[in-house]
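Subject: Handover of a structure and its pockets

Dear colleague,

Please find below the structure that I am handing over to you. My findings on its pockets, ligand and cavity follow.

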Amino acid sequence: MIEENMRDVEQRIRQACARAGRAPEEVTLIAVSKTKPVEMLMEAYAAGARDFGENKVQELLDKIPQMPQDIRWHMIGHLQRNKVKYIIDKVALIHSVDSLRLAEEISKEAQKHNLVVDILVEVNVAGEESKFGTTPEEAANLVLSIAALPGIRVRGLMTIAPFVEHAEENRKFFKNLKQLSVDILQKNNDNIHVGDVLSMGMTGDYEVAVEEGATYVRVGTGIFGERSYKKES
Ligand SMILES: *Cc1c(COP(=O)(O)O)cnc(C)c1O
């Protein structure tokens with residue numbers, strides 16, 4: 001089932017790319033494996049998945065040593081400053097940086113490990129109270145402040161769009177994130193490196209996100225099925 005799901009999601013991504021005149025290589029599918037057992041992750045791995053997303057530090061630390069080493073792990077959940085040190089040298093990309101204080105902690109730990117850590121700045125595009133992320137208005141200043149820190153590289157922006165019935169309802173938010181990225185890259189006339197990565201789109205709306213410029217889509221349910229939050233048997 002997981003392999004079939006992956007093929008289906010990949011095909012839909014290719015079709016969305018074709019509709020938008022984009023090359024499919026521009027989009028990376030992240031298999032969001034939170035709450036799922038490693039046997040299921042291994043099935044996805046066997047079907048070709050190499051980018052996995054988790055939202056909890058402890059779960060990441062449990063799963064990483066049980067899985068092949070060529071996996072790129074993505075931290076997509078809210079990250080507390082006191083936990084940065086546990087994952088700093090284990091993840092390929094931290095998607096959920098939403099404050100200068102968190103970025104400073106990442107910078108500090110990165111320097112300790114002699115690393116340059118790739119991060120995305122999370123933007124709460126819809127202004128939902130229940131969500132983390134900086135406001136669109138503050139995003140540019142935050143990105144440029146973080147980009148000036150040593151040991152850290154801002155690769156782009158991430159957003160979690162609202163949970164909606166029809167994916168089309170989120171198109172405007174994906175457009176906004178893309179525009180924000182373009183604006184920030186234009187503002188950045190110092191030589192600070194900021195990338196153009198856009199992590200946006202989940203099971204319910206990734207095709208729309210790809211049409212609007214997503215370079216990472218984060219798909220959980222669409223690959224692994226519903227999450228039960230009870231113990232899986
Ligand atoms: C759980 C999660 C996803 C995947 O959600 P699905 O709707 O199951 O695809 C994507 N992004 C983040 C940040 C998540 O926490």
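How many nonpolar, polar and charged residues does the shell around the ligand have? By class, this shell has five nonpolar, three polar and three charged residues, where Ala, Val, Leu, Ile, Met, Phe, Trp, Tyr, Cys and Pro count as nonpolar, Asp, Glu, Lys and Arg as charged, and the others, Gly among them, as polar.

Please note that this is a predicted model, in which local features need pLDDT of at least 70, side-chain atom pairs count only at pLDDT 80 or more, and totals for chains, interfaces and linings use all residues. Residues are numbered from 1 along each chain as its sequence is written, and side-chain values use heavy atoms, with hydrogens and water left out.

The ligand

The residues around the ligand (those with a heavy atom within 4 Å of it) include Val32, Ile76, Ile160, Met202, Arg218 and Arg227. Lys34, Thr203 and Gly220 also belong to this group, and each has a polar contact with the ligand (a pair of N or O atoms within 3.5 Å). In the side chain of Lys34, an N or O atom is 2.6 Å from a ligand oxygen atom. For Thr203, a polar side-chain atom lies 2.4 Å from an oxygen of the ligand, while Gly220 places a backbone N or O atom 2.8 Å from a ligand oxygen. On its own the ligand has 390 Å² of accessible area, of which the protein covers 90% (Shrake-Rupley method, 1.4 Å probe).

The largest pocket

The ligand sits in the largest pocket, meaning that more than half of its atoms lie within 2 Å of the pocket's grid points. A pocket is an open set of points on a 1 Å grid over the protein atoms alone, with protein on both sides within 12 Å along at least five of seven lines; a cavity is a set where a 1.4 Å probe fits but cannot get out, and lining residues have an atom within 4 Å of a point. The largest pocket holds about 560 Å³ of space, a volume being the space filled by probe spheres set on the points. It is lined by 25 residues, and Lys34, Phe163, Met202, Thr203 and Arg227 are the closest to its centre.

The cavity

The structure holds one cavity of 30 Å³ or more. Its lining includes Val143, Leu157, Ser181 and Ile184, and has no charged residues.

Yours sincerely

Methods. A polar contact is a pair of N or O atoms within 3.5 Å; within protein, one must be able to donate a hydrogen and the other to accept it, and residues adjacent in sequence count only if both atoms are side-chain atoms.
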